[in-house]
Amino acid sequence: MTPATNTINSSPSLPTLAAIQRRRRELLAYQSGQRTAPPTAPPDDPLDEEESCLEKDSCLDQEPEDDDYAEDSEPSPAPPSQAIRPPTMADPALYGLAGLAVRSLAPHTEADPAAILLQFLAAFGNLAGPAPHCIVGSTRHGLNLFVVLVGESSKARKGTSWRQLSSLFTEADSLWAGRRVSTARPTANGIIHALRDEQPATDRRLFLLCEEFASLLHVLGQRTGQLSPLLRCAWDGGDLSAHDGRRPLQATGAHISMVGHVTQSELAHHLSRTEALNGFANRCLWISVRRSKSLPEGGSLPPEERAAAARELRRALDWVHTQNGIVFHRTAAARELWNDRYPVLSQGRPDVYGAATSRAEAQVLRLSAIYAALDCSPLVEACHLQAALAVWDYCLASARLIFDASPIDPTAQRIGEALDAAPEGLTRTQIRGLFHGHVSTERIDLALEQLSGLGLINRRTATGRGRSSTFWFPGEDTKAADMGA
């Protein structure tokens, strides 16, 4: 949403303000399930084109309904294409050994096939180690991925999806599963210590399984911490360093992959705008997951089927580990497909969704190389690239669902409601007073940052005889103009 202009002459009219408030209530009713389709503006809606963009962003502003709204006329149903639908995985994504694993496991679990697929790709990319890579210009890309599953707590079967895969990878490489998979909450020193340089050289691989990803996001939001820059460097690959308070620690040639599990509300509460925009979010593949089926008595892959899948996985790993530093290259057909899709991959959007998906080229490159490695091929063929593009399309659709429809966190919601009821604006001290000391200053600052970055609120400075004061207003409020004493 475009922030309000700084001149009172351009302020919206009273009918326009009323229409804005009505539209926000309509959108809230749709999000809460009270309506089956998102609202559309009536033909005589006083909103102009700039203000009407509130419809796509106001899902971040949850305002209680009142009795008067129940008497409003029913909005016209929007075409189905305007609603954000759950993503679906295209068939090319299930190519090769990855597809075999998903098809083998899916009938025996309530987990989302997309959760199985993406975690399988991330785990294999870590098992492959740091040697296989791609080169783009002077940049080296390994096969390590960061994958985040976003789904309803206990209902999306996020943990179930990993446990099914864990038994498969344990059978394929029990040493990796026992020593290189870490379920502890990551810390900068802990990561460096696990991969620290020693003689003889230690295993460079580390697979971070963060089933409480919200706690990691909370740590990342602490701006003075070392973990956020270290994880960004870890995705890039190479040398890592930290300090444990007594001496510097170094990890050379680290190969770190990560899988996180989080709910939508936890993500809204803990992912600060800084982490959304500073390059951490776009290093992650964001996956919207849900329960695929109901299995009242559970399920388990028969031992003979698991053994067969493990043998194929072991064969691909043996091929990777017997090669001498594989550098993947595209075939002519894959290069033609890449050139065709590259303009779309390299497009961007100036919002949180765009920031979280702005590393598309690198993500597709890594995914295509993983599919090639699973095929025991140093050449990325068109089928491998098609599979990677199908996965990326799913990630795009997931990110749109996660970030475009992300609910605002409770702290920001309370601030927004208070600002709506305070046309004269509120100071930071008054905003802190809303929580009676039960919410930290850091949490309030992050909430203000989120609301401000989304254009839902803005701040103005009032100057007088004493020191200046900063006031916060709703983004569309007519009072949001510079003030003087």
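In this predicted model, the side chain of His 255 reaches the backbone oxygen of Gly 129, the separation being 3.4 Å. His 255 lies in strand β7, which spans residues 248-262, and the residue counts as buried because its relative accessibility is 2%, where the limit for that class is under 20%. When residues up to four places away in sequence are set aside, the surroundings of His 255 include Gly 125, Asn 126, Gly 129 and Pro 130, together with Leu 143 and Asn 144, and they are completed by Arg 204, Arg 205 and Leu 206. Gly 129 therefore appears both as a residue touched by His 255 and as the owner of the backbone oxygen that the histidine side chain reaches.

A contrasting environment is found for Arg 330, which belongs to strand β9, residues 329-330. Arg 330 counts as partly exposed, with a relative accessibility of 24%. Once residues up to four places away in sequence are left out, Arg 330 touches Arg 335, Trp 338, Leu 365 and Val 380. The C-alpha atom of Arg 330 is also separated by 9.6 Å from that of His 384, although these two residues stand 54 residues apart along the chain.

For the chain as a whole, 20 helices and 14 strands were assigned, and buried residues account for 49% of its 485 residues. Of the contacts that link residues at least 6 apart in sequence, 77% join residues at least 24 apart. The accessible surface of the chain amounts to about 22300 Å², and carbon and sulfur atoms contribute 50% of that area.

The largest nonpolar core contains 72 residues, and the members that touch the most other members are Leu 117, Phe 120 and Leu 121. Helix α5, residues 113-127, supplies the largest share of this core, namely 11 residues. Apart from neighbours within four places in sequence, Phe 120 is in contact with Leu 97, Ala 98 and Ala 101, with Leu 165, Leu 168 and Phe 169, and with Leu 313 and Leu 374. A second core, separate from this one, comprises 42 residues, among them Ile 191, Leu 216, Leu 227 and Ala 362.

Leu 216 is also one of the buried residues of helix α9, residues 213-220, where Phe 213, Ala 214, Leu 217 and Leu 220 are buried as well. Viewed down the axis of α9, the buried residues fall within an arc of 155°, so they line one face of the helix. In general, an α-helix has 3.6 residues a turn, so residues three or four places apart point the same way.

Leu 227, another member of the second core, belongs to helix α10, residues 227-236, which is mostly covered, seven of its 10 residues being buried. The buried set in α10 consists of Leu 227, Ser 228, Leu 230, Leu 231, Arg 232, Ala 234 and Trp 235. Just after this helix, Gly 237 adopts a positive phi of about 90°.

Finally, a search of the whole structure for disulfides found zero. Cys 210 takes part in no disulfide, and the nearest cysteine sulfur, which belongs to Cys 284, is 9.9 Å away, whereas a disulfide would require the two sulfur atoms to be within 2.5 Å. Cys 210 is nonetheless a buried residue, with a relative accessible area of 5%.

Key:
Residues numbered from 1 in each chain as written. Predicted model: local features only at pLDDT ≥ 70, side-chain atom pairs only at ≥ 80, totals over all residues. Heavy atoms only, no water. Buried < 20%, exposed > 50% of the residue type's maximum accessible area, 1.4 Å probe, protein only. Helix = DSSP H or I, 4+ residues; strand = E, 2+ residues; numbered from the N terminus. Contact = heavy atoms within 4.5 Å. Areas by Shrake-Rupley, 256 points an atom, 1.4 Å probe, with all protein chains shown as cover. Polar contact = N/O pair within 3.5 Å; in protein donor to acceptor, adjacent residues only side chain to side chain. Core = buried A, V, L, I, M, F, W, Y, C linked by side-chain atoms within 4.5 Å. Arc of directions from axis to C-beta.
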